[in-house]
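Let's take a walk through this one together, starting from a single side chain and working outwards. Have the model open and follow along.

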Amino acid sequence: MTGPGRAPLFTRAFIALSVAELAYFTAVGTAIFAVPLFVTGPLGYDEAAAGIAFGAFAVSALVLRPFAGRLSDRFGRRPLLVGGALLAASCLALTAVASDLVAVIALRLVAGVAEAAFFVAGFAALADIAPAERMGEALSYNSLGLYLGIAFGPPLGEVLLENGGYVATWLGAAALALLAAGLATVVGETRSTGPEPDGPRRLIHRPAIPISIGFLASLAAVGGFMAFASLHATRVGISNPSLALFAYGAIVVVCRIAFARVPDRLPSLPLAAASLVAIGAGLLVAAGWSSPWGYFTGIAVMAVGITFSTPAFFSAVFATASPSERGIASGTASAALDLGLGVGPILLGFVAAPYGIPWAFALAAAIALVGALWTVGLVRRAPAPA
């Protein structure tokens, strides 16, 4: 898959990193499916509590991502990849014995530490491995692990839940995180061994902040969808609620493969703005068309938008960073994940509880469309990064 004159992309390290992320995010996908059902089922709380539990990991992850980026630039990517996966496995296994909301929230907070370490180090390692001229393509293929995990984690969780209960669900997810830790050791250390640049050791990569605000909007919108996807599926008449998240993840995976080279051929920020418009449109369809067909149509439109959002935004971010700044750039941009996937579900949970999930989806759509306007403003103020 390497044409004449093109630097190789599918190296041993790239493949090992991608498969490790697949295992890790399949564990995350299992938790995405199980957390709201666990909180509203056996624990007996409402949708607002489910949103809090779902998004609690964002508090610790948000605080620690900048430090994870700094540590990965200083000490290397592999310690954070392996350590983050092992910590995630511990949190998932312990959720099997959690008996109240406080315990679940506490474990989700610790899971945020794991998320910060694994995710930041993973993106920094990818930037180390990938040829600069193929960064968008590398992001498209590498992020398949995330979306395959979202696609297959929920059905796996449903199978485990039906056959072994919540204990089997949480232990199965923990086993996948352990597998991710083992695979991360195969990646090797990718950090440059050259001297660090002079000057203060920064935790935030300032050029990434405006770009990350647009990325935040996409994640807040999609985070609200993921938190309530299974619950809404049951309420519009879908007998297997995991199909909603499966359809979302599967469509993203197919589109990422089919259009992997598009982010390298189009300006990053205009592509990111267009992706936000598609996300908002899909959520409006899902909110307003209350039937299985309407729900799946909205999911499909939203998934096409998310196909391009992560490669576009991260390509723009990494274009502002030198090799020695990739860790802090990844930490700064990925902090949007914590705000979006954490605050989004919590905010939308407080809308869903009194007004219903369709109104929460409508608010998520508005967030995405405001983010699109912000990103268009970035395009007008400065040229998109090459």
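Keep in mind as we go that this is a predicted model. Start at H232: if you skip its neighbours within four places in sequence, this histidine is in contact with A286, Y295, I357, P358 and F361. H232 itself is found in helix 8, which covers residues 209-235. Is H232 buried or exposed? Its relative accessibility is 5%, and because buried means under 20%, H232 counts as buried.

Two of those partners, Y295 and F361, show up again in the largest nonpolar core. That core has 122 residues, and Y295 and F361 are among those with the most contacts inside it, along with F225, M226, Y248 and L283. Helix 1 (residues 12-40) gives the most to this core, contributing 16 residues. For a look at one of the well-connected members, pick Y248: leaving out residues up to four places away in sequence, Y248 touches Y147, I150, V222, F225, M226, I299, M302, A303 and I306.

Now follow helix 1 to its packing against helix 2. The axes are 8 Å apart and the angle is about 140°; the two helices are therefore oblique to each other, and their crossing is right-handed. On the helix 1 side, I32, V35, P36, V39 and T40 meet E47, A49, A50, A53 and F54 of helix 2. Sorted by class, that contact has eight nonpolar residues, one polar and one charged.

Why is helix 2 largely enclosed by the rest of the structure? Eight of its nine residues (47-55) are buried, so the surroundings largely enclose it. Those buried residues include E47, as well as A53 and F54.

Definitions and conventions
Residues numbered from 1 in each chain as written. Predicted model: local features only at pLDDT ≥ 70, side-chain atom pairs only at ≥ 80, totals over all residues. Heavy atoms only, no water. Helix = DSSP H or I, 4+ residues; strand = E, 2+ residues; numbered from the N terminus. Buried < 20%, exposed > 50% of the residue type's maximum accessible area, 1.4 Å probe, protein only. Contact = heavy atoms within 4.5 Å. Core = buried A, V, L, I, M, F, W, Y, C linked by side-chain atoms within 4.5 Å. Axes fitted to C-alpha atoms, helices over the stretch in contact; angles between N-to-C directions. Parallel < 35°, antiparallel > 145°, perpendicular 65-115°, else oblique. Left-handed = near helix turned anticlockwise from the far one by under 90°. Nonpolar A, V, L, I, M, F, W, Y, C, P; charged D, E, K, R; others polar.
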